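Grab a pencil and let's work through a few short exercises together. Each one has a task and a solution in steps.

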Amino acid sequence: MLDKQFIQQAISLALDNVKVGGRPFGAVIVNNGQVIASAVNQIIETNDPTAHAELLALREAGKVLGRPKLDDCVVYASGQPCPMCLAAMRMAGISKIFYAYSDADAKPYGLSTSTIAQALRKAPEQQDGLQFIQIKTEDEAHPTLYQIWSKQS
């Protein structure tokens with residue numbers, strides 16, 4: 001029953017965001033049965049293409065818990081998370097995600113991210129419309145950035 005309540009909270013956030021001119025996405029993050037973070041999509045308001053509800057909620061959850069690993073948290077989203085949000089959730093250790101509306105539900109309204117998801121299935125250098133070029137600056141006589149970091153941590 002709590003899952004339905006949390007998903008309804010994400011939908012309510014999204015609806016409230018629509019009423020003020022925002023996009024129809026809301027997210028709630030739960031830890032030990034308690035909401036610790038929630039957010040709505042703010043890409044239009046902030047001109048930040050990464051200001052998705054899920055990412056903003058992940059950032060808030062990390063601040064609340066004081067750590068970047070959120071593997072004991074659950075995400076509830078009004079819409080199926082896009083590839084960027086999904087990747088961030090994976091990096092944070094999230095293993096359970098509930099969503100109300102699928103990417104297919106979003107497609108008729110121009111909100112689908114399936115094209116991006118398909119492109120990301122290819123290696124970066126094989127993706128259409130993307131130039132992916134590595135430029136190494138270190139020489140073999142000097143430690144790399146990662147080697148320096150490894151010795152510091």
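Below are three exercises on this model.

This is a predicted model, where local features need pLDDT of at least 70, side-chain atom pairs count only at pLDDT 80 or more, and totals for chains, interfaces and linings use all residues. Residues are numbered from 1 along each chain as its sequence is written, and side-chain values use heavy atoms, with hydrogens and water left out.

**Exercise 1.** Find out which side chains meet in a salt bridge (a side-chain nitrogen of Lys or Arg within 4 Å of a carboxyl oxygen of Asp or Glu).

Step 1: Count them: the structure has 1 salt bridge.
Step 2: Name the partners: Arg67 and Asp72, at 3.0 Å from N to O.
Step 3: Check exposure, where buried means under 20% relative accessible area, exposed over 50%, and partly exposed in between (1.4 Å probe, protein chains only). Arg67 is partly exposed because its relative accessibility is 28%. Asp72, at 37%, counts as partly exposed too.

**Exercise 2.** Work out whether Asn41 is buried or exposed, and what it is in contact with (heavy atoms within 4.5 Å).

Step 1: Look at the area: Asn41 is buried, since its relative accessible area is 3%.
Step 2: Leave aside neighbours within four places in sequence; Asn41 then touches Asn17, Arg23, Phe25, Ala51, His52 and Ala53.
Step 3: Look at its side chain: one of its polar atoms is 3.1 Å from the backbone nitrogen of Ile43.

**Exercise 3.** Look up which residues UniProt lists for "domain: CMP/dCMP-type deaminase".

Step 1: Read the unreviewed entry: it gives residues 1-114. Such annotations may be inferred rather than shown by experiment; positions follow the numbering used here, and feature names are shortened.
Step 2: Take the ends of that stretch: the C-alpha atoms of residues 1-114 end 30 Å apart.

Notes. Polar contact = N/O pair within 3.5 Å; in protein donor to acceptor, adjacent residues only side chain to side chain. Contact = heavy atoms within 4.5 Å. Helix = DSSP H or I, 4+ residues; strand = E, 2+ residues; numbered from the N terminus.
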